[in-house]
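User: Please take a close look at the strand pairing in this model and at the side-chain contacts that go with it. Give the cut-offs behind each term as you use it.

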Amino acid sequence: QVQLVESGGDLVQPGGSLRLSCAASGSFVNINDMGWYRQAPGKRRELVATLSRGGNTNYADSVKGRFAISRDDAQNTVLLQMNGLKPEDTAVYYCNLQIRLGPSIVNYWGQGTQVTVSS
């Protein structure tokens, strides 16, 4: 059984910073791609950033230069450092991990963490 636990969401003023964390636990071989997505009220879930096992990153245009995704494979964790936060970054943020269970790779989602950017 694999579990993902997210943390780090909070209320922050515009221009502030937050760091989101997502840790996987359970029995699995390793983690391939990792990513963060977000969903604002009334909107579809959208990609924020992804990070492959090989280190390739991909960012949404709206967060380039402000957000940074990283991984700690020893801790089975993906992080999202968010700087220069704007009100339009307000959303529930979800981590997504592609986890290898033996011969297969399974897509797992975190429970979501609320980020609110407001003065």
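Analyst: **Strand pairing and cross-links**

Q3 stands opposite S25, a residue of β3. Strands here are DSSP runs of E with at least two residues, numbered from the N terminus, and two of them pair if DSSP finds at least two bridges between them. The model is predicted, with local features requiring pLDDT of at least 70 and side-chain atom pairs pLDDT 80 or more, while totals for chains, interfaces and linings use all residues. Residues are numbered from 1 along each chain as its sequence is written, and side-chain values rest on heavy atoms, with hydrogens and water left out.

The link between β1 and β3 (residues 18-25) consists of five bridges, and the two strands run antiparallel. They belong to an open sheet of four strands, ordered β1-β3-β8-β7 and paired antiparallel. β1 (3-7) and β7 (67-72) each have a single partner strand, so one side of each edge strand has no neighbour in the sheet. On average, neighbouring strands of this sheet are turned by 15° against each other, direction ignored; the axes behind such angles are lines fitted to C-alpha atoms, and angles between N-to-C directions run from 0 to 180 degrees.

A further antiparallel pairing joins β9 (residues 91-101) to β10 (residues 104-109) through six bridges. Within it, N96 has W109 of β10 as its bridge partner. The two strands form a hairpin with two residues between them, and G102 in the turn has a positive phi of about 65°.

One disulfide is counted, a disulfide being a pair of cysteine sulfur atoms within 2.5 Å. The cysteines are C22 and C95, with sulfur atoms 2.0 Å apart. This disulfide connects distant parts of the chain, since C22 is in β3 and C95 in β9, 73 residues apart. The torsion about its S-S bond is about 45°, so the disulfide is right-handed. C22 is buried at 0% relative accessibility, and C95 is buried with a relative accessible area of 0%; buried means under 20% relative accessible area, exposed over 50%, and partly exposed in between, with a 1.4 Å probe and protein chains only.

The structure also holds one aromatic pair. Y37 and W109 form this pair, edge-to-face, at 5.1 Å centre to centre and 65° between the planes. Because Y37 lies in β4 and W109 in β10, the pair ties together parts that are 72 residues apart in sequence. Rings of Phe, Tyr and Trp (its six-membered ring) pair if their centres lie within 6.5 Å; planes under 30 degrees apart count as stacked, over 60 as edge-to-face and the rest as tilted. W109 is partly exposed, at 37% relative accessible area.

R38 lies in β4 (residues 30-39) and counts as buried at 6% relative accessibility. Its side chain makes polar contacts with the side chain of S62 at 3.3 Å and with the side chain of Y93 at 2.9 Å. A polar contact is a pair of N or O atoms within 3.5 Å; within protein, one must be able to donate a hydrogen and the other to accept it, and residues adjacent in sequence count only if both atoms are side-chain atoms. Not counting residues up to four places away in sequence, R38 touches twelve residues, including R44, E46, F67, E88 and D89, where contact means heavy atoms within 4.5 Å.
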